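Work through these exercises with the structure open. Try each task before you read its solution.

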Amino acid sequence: MLRRHLLLGFAGLAAMSAAAPVAAQETVKVGLIATLTGPQAASGRQKVAGAKLYMALNGNMVAGKKIELIIKDDTGVADITRRHAQELIVNDKVAAISGFSLTPLALAVAPVITQAKIPAIIMTAGTSIITERSPYFVRVSFTLPQQSVPIAEWIAKNGAKTAVSLVSDYGPGIDAQDAFKMRFEEKGGKVLEQLKAPLANPEFSAFLQRAKDLKPDALFLFVPAPTAGSLMKQVIDRGLIEANIKVVGTGDITDDDQLNGIGDSVLGLVTSHFYSAAHDSPMNKKFVEEFKKANPGMRPNFIGVGGYDGMHAFYQALEKTKGDTDGTKLVEAMKGMSFESPRGMLTIDPATRDVVQDVYIRKVEKKDGELYNIEFDVVKQVKDPIHK
Amino acid sequence: MSAIDAKPPAEAAAPPAASGAPAVSPAARLLAGSRWRWYEFAFWGLALGSYFVFPNKLMLISEILILGLLALSIDLTLGYAGLVTLGQGAFFGVGAYAAGLAAKYGAGAGPWSDPLLGLVIAAGAAGLVGFVTSFLVLRGSDLTRLMVTLGVALIVEEIVTQAKSVTGGSDGLQGVMSSNVLGMWSFDLYGKTAFWYVLIVTFVCFWFCRRLVNSPFGLSLLAIKGNPLRARAIGMPVNARLVAIYTISAAIAGLAGGLLTQTTQFASPDMVAFHRSADSLLILIFGGSGHLYGGLIGAVAFRIMQDFIGNITPQYWLFWVGLVLVLLVLFVRNGIVGLMANGWRRLTQKSHEGKNP
């Protein structure tokens with residue numbers, strides 16, 4: 001069996017040497033570790049599409065060097081993510097790695113990037129603490145507290161006195177429920193109960209029944225986007241919306257990629273998030289149009305934007321260092337970086353390497369026969385409220 | 001004796017009438033079985049040589065060896081004792097977390113942080129869980145057993161995700177610092193230390209298993225697998241034997257888990273997840289059970305397929321794995337090892353016919 005592998009190796013070598021003349025003029029490699037198989041596969045497709053689109057629109061030459069994207073499938077498993085990170089660094093000699101659909105996957109690479117001094121650009125995972133685990137993490141996605149605080153304020157302002165939260169039981173979920181509770185109670189509301197559903201098993205009916213029995217004014221929801229479809233179907237089936245409970249959440253539950261599949265029953269649902277495919281800006285219009293052209297049947301969501309912006313951050317950093325791929329310099333270059341993204345303005349906080357951005361309050365509406373999250377209010381430049 | 005003795009013990013246990021071989025005494029059989037053969041040297045030579053041939057793939061090779069070790073632990077129960085299990089991931093996970101916790105809280109405290117001691121703790125913890133649960137597994141027939149092992153695995157998984165203060169819950173156990181092996185070799189980014197460490201530990205475990213199955217104890221397991229009633233009738237302590245092998249198998253699975261934690265510096269709930277148990281069983285069926293080598297060879301084939309197909313069509317590789325598995329089960333008895341043994345037998349028979357027409 002080793003011989004077979006050897007043959008494959010030779011085949012690969014032959015393919016590489018064919019491309020060698022071009023590669024000779026200094027190639028800078030970037031690793032993209034995405035979840036392409038398993039229950040979270042939808043996130044990987046978006047991320048890869050976003051990153052590829054950025055390269056297609058902006059060319060692959062930066063500071064006189066050719067950028068090459070190497071895509072790996074982490075299958076949603078932490079130790080495989082770590083192995084890919086390690087192999088990308090020692091074998092492919094990448095200048096940076098990126099991706100990370102789930103918090104545990106990002107945390108798994110922390111020791112590797114610290115040891116190797118290679119920047120890791122987080123394109124999705126949203127637990128606050130990740131960026132504190134290594135000085136080489138830079139985040140362009142979002143953090144859950146950042147997204148949860150604005151909706152807590154909004155729902156308190158709109159007359160809710162009591163609330164129940166239901167989240168997936170892992171880092172981001174805990175972050176979301178705690179941030180929601182903190183701000184909601186600051187504004188005079190009361191969280192009756194914090195429900196946590198297992199991450200691995202997307203079966204919510206018992207939790208939703210419990211939430212309904214508590215008769216709160218509002219129900220706050222967070223689950224990872226690929227699970228959102230099944231959660232929202234169960235919310236509707238359980239009749240929570242008819243029971244006069246105001247259902248709100250982070251934008252993960254009305255994810256642009258899946259929203260049309262959930263159906264009209266979520267019309268009017270209010271969420272807070274940093275990105276909507278309906279965001280009104282020339283840049284976003286172009287982004288959505290090109291994204292759909294390159295990926296028929298898909299609509300970009302916040303993960304796709306994360307992939308797009310992650311590549312942009314890397315391009316900009318490499319431009320700033322004038323092609324120097326030293327990891328520490330690249331991270332320094334990304335600190336304090338500020339640019340316009342399809343989502344709006346985005347800044348990398350120089351102190352925490354975490355993203356600072358506008359968070360929008362949106363409502364699900366129908367436009368041109370499709371469901372969209374239409375933004376109607378905004379909280380400007382929100383920092384993660386948990387980081388010190 | 002040439003190719004005939006390539007027969008693995010499980011086949012050799014078939015009624016003598018089938019092969020037409022003369023009856024041999026058990027002692028002679030054990031002796032013959034414990035002799036190292038050329039293909040075994042070749043296998044371990046290749047494993048050793050892979051360090052020089054694939055210096056870029058050391059992490060992958062370590063991972064394969066760990067997976068192979070896990071499959072080997074299933075081979076002990078399934079291939080030799082006939083106990084079907086779908087819960088080996090539980091022991092793997094217990095070992096992984098035990099080693100992780102030992103490294104996390106023992107770090108800096110002198111000998112407690114040594115990886116080898118961590119392995120002992122991992123094997124001990126998993127062995128203990130195996131010992132306790134073995135009594136549950138012994139009740140009932142095959143299907144009941146399968147369900148019990150599955151149930152135990154689910155319970156362990158749930159404990160790991162719920163006991164957040166200890167295990168870190170769904171986010172995994174962070175901050176595991178692996179000390180240098182024997183205080184000398186630190187785990188490097190290239191995975192060199194990890195490779196040698198995993199290879200040597202795997203080999204020692206394999207050697208132990210090999211001694212075990214070629215002992216009177218191993219022979220008695222085969223008898224139990226063949227016919228538990230008859231084994232009991234001739235005075236064999238069937239239950240005690242099964243408890244023993246189940247415990248040993250759990251300890252080895254725990255050791256494999258400990259290796260994974262130590263070489264990757266974290267433990268996460270997917271180390272106890274159902275797919276670990278299912279994958280490792282799949283790998284064993286792939287490779288062929290009852291040969292000891294089946295697990296290791298199956299792990300190599302499985303990972304190469306995953307890597308190779310995954311690079312071509314990341315989204316559909318499971319389809320191809322499924323297809324190959326179905327074909328293998330339909331047309332080849334005893335997995336890849338069976339296929340290789342068959343091929344070899346045919347080859348040597350042909351050359352025999354060539355010599356003596």
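**Exercise 1.** How many residues does each chain bring to the contact?

Solution. Chain B gives 32 residues and chain A gives 31 residues. The model is a predicted one. Next, look at the side of chain B that touches chain A. Five helices each supply at least two of its residues: α4 (38-53), α5 (58-80), α13 (238-264), α15 (293-312) and α16 (317-331) of chain B. The largest share, six residues, comes from α15(B). Last, sort this side of chain B by class: 16 nonpolar, 13 polar and three charged residues.

**Exercise 2.** Find the strands that pair with β3 (residues 65-73) of chain A, and give the sense of each pairing.

Solution. Start with β1 (residues 27-34) of chain A. β1(A) pairs with β3(A) in the parallel sense, over eight bridges. In this pair, Lys29(A) stands opposite Glu68(A). Now take β2 (residues 61-62) of chain A. β2(A) pairs with β3(A) in the antiparallel sense, over two bridges. Here Val62(A) stands opposite Lys65(A). Then check the link: β2(A) and β3(A) form a hairpin with two residues between them. Ala63(A), in the turn, has a positive phi of about 50°.

**Exercise 3.** Which residue ranges make up the domains of chain A?

Solution. Domain 1 takes 25-142 + 282-353, and domain 2 takes 144-273 + 359-382. Their centres, taken over C-alpha atoms, are 27 Å apart. Now turn to the contact: 16 residues of domain 1 of chain A meet 16 residues of domain 2 of chain A. On the domain 1 side, α2 (41-58) and α11 (302-320) of chain A each supply at least two residues. The largest share there, three residues, comes from α2(A). By class, that side has seven nonpolar, eight polar and one charged residues.

Note on methods. Residues numbered from 1 in each chain as written. Chains lettered and ligands numbered in written order. Predicted model: local features only at pLDDT ≥ 70, side-chain atom pairs only at ≥ 80, totals over all residues. Contact = placed C-beta atoms within 7 Å. Helix = DSSP H or I, 4+ residues; strand = E, 2+ residues; numbered from the N terminus. Nonpolar A, V, L, I, M, F, W, Y, C, P; charged D, E, K, R; others polar. Pairing = 2+ DSSP bridges. Domains from an automatic or database assignment.
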